[in-house]
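Please look over the sequence and the three-dimensional structure shown here before reading on. The explanation is meant for a reader who meets this structure for the first time.

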Amino acid sequence: MSAVSTLQGRLGEFDEKRLLLLAMFVPFTLFFVLVWGVPIGYALGMSLFSDPTGAAEFAFLGNYVDVLTAELFGTALWNSIVYALSSTVLSLVLGLGLALVVNREIKGGNALRTMMIFPYLLPTLVVIFMWTFLLDPNVGAVNQFLLDYGVIQEPLAFFSSTTWAMPAAIVASVWKYGSFAFFILLARLQAIDPNLYERARVEGASTWQAFRDITIPNLRGAILIIILVRGIWMFNKFDIIYLATRGGPLDATTTLPIMVYELAFLGSPDFGGATALAGIMFLLLAAVAVVYFWAFKPEQEVTT
């Protein structure tokens, strides 16, 4: 009888754990389906119709074919990749450099740490207004500085040049969002055991060797998170480039989000094509995320 009672007790305990897991899992699943799954499914469904907001006609993959074969698609995809990669990498480098400086507890480090949050708090419109003024060919401080030191012979219209419009937008983005990488990396740097550096110094390791063998391995997880999150955000970024250049000049800064906007709201609205392009962006980023998690296995940073 005691064995039967013990078995019944274990089965009851198992049922209680299973019910507890279900009670925690079901609300999260419902929240995920309602907040993310339904909108994504609805948008992907709309992309299969030629005019989803009017007299909808089922087009199957016709909208996708039209978007992929459009002349502007290749340019917009390339601009999105350049903008996302450049702004992410530069934000990471800038954030790492400043985090290393502040982490050394130099004089003024606290002031620098406080100042780093200001660009992130400013509205995007204010940031674009400021950078448009700084880069203005007539009264901009940047042009005046470059002319005074003989770097250029005549003023550059940065946001109106097919050569400089994208770099100017990238600089504005890095200035605004570089603090994201800074604070994540600084927090991780401050969690590294100082005894590791002391031990390396005793064993004769140089500053570069300590950075390579201690700092970088400990920052790997944070760096991977920054690359993934910031890369996705910048690939989908619309406001900075659109406010600065409207995608011009001559489509030099037209990215996929801007192309979606133009398809949906400018000229003859093509909501089917716009939703198809948004679906293509979603599938591209999903594929990148799958490859990212398969190649880098960031979850190991948590479990180890």
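The paragraphs below turn from the chain as a whole to its cores, then to one helix, and finally to the annotated spans.

The model is a predicted one. Its chain contains 14 helices and zero strands, and so the succession of elements from the N terminus on is written with α alone. Of the 304 residues in the chain, 33% are buried. When contacts between residues at least 6 apart in sequence are considered, 65% of them link residues at least 24 apart. The chain exposes about 18500 Å², and 69% of this area comes from carbon and sulfur atoms.

The interior may be approached through its nonpolar cores. The largest nonpolar core has 38 residues. Those that touch the most other members are Val-67, Phe-73, Tyr-83, Leu-135, Phe-235, Leu-256 and Leu-277. Several helices each supply at least two residues of this core, among them H2 (62-68), H3 (71-103), H10 (207-235) and H13 (271-296). The greatest contribution is that of H8, which gives seven residues. A second, separate core consists of 18 residues, including Ala-181, Leu-185, Ile-214 and Ile-226.

Phe-235 offers a view into the larger assembly, since it is among the residues of the largest core that touch the most other members. Apart from its neighbours within four places in sequence, Phe-235 is in contact with Leu-77, Ser-80, Ile-81, Ala-84, Leu-256, Pro-257, Met-281 and Leu-285.

Helix H6 (124-134) also supplies at least two residues of the largest core. The buried residues of H6 are Thr-124, Val-127, Ile-128 and Trp-131. Because they cover an arc of only 95° around the axis, these residues lie on the same side of H6. An α-helix has 3.6 residues a turn, so residues three or four places apart point the same way. Helix H5 (117-121), H8 and H11 are among the elements that cover the buried residues of H6. On the face turned away from the buried side, H6 carries the exposed residues Leu-125 and Phe-129.

Lastly, the unreviewed UniProt entry lists residues 20-44, 81-102, 114-134, 164-187, 219-236 and 271-295 under "transmembrane region". Two of these listed spans can be followed in the model. Residues 219-236 are 94% helix and 0% strand, with end C-alpha atoms 26 Å apart. Residues 271-295 are 100% helix and 0% strand, and their end C-alpha atoms lie 36 Å apart.

Methods
Residues numbered from 1 in each chain as written. Predicted model: local features only at pLDDT ≥ 70, side-chain atom pairs only at ≥ 80, totals over all residues. Heavy atoms only, no water. Helix = DSSP H or I, 4+ residues; strand = E, 2+ residues; numbered from the N terminus. Buried < 20%, exposed > 50% of the residue type's maximum accessible area, 1.4 Å probe, protein only. Contact = heavy atoms within 4.5 Å. Areas by Shrake-Rupley, 256 points an atom, 1.4 Å probe, with all protein chains shown as cover. Core = buried A, V, L, I, M, F, W, Y, C linked by side-chain atoms within 4.5 Å. Arc of directions from axis to C-beta. UniProt positions renumbered as here; feature names shortened; annotations may be inferred.
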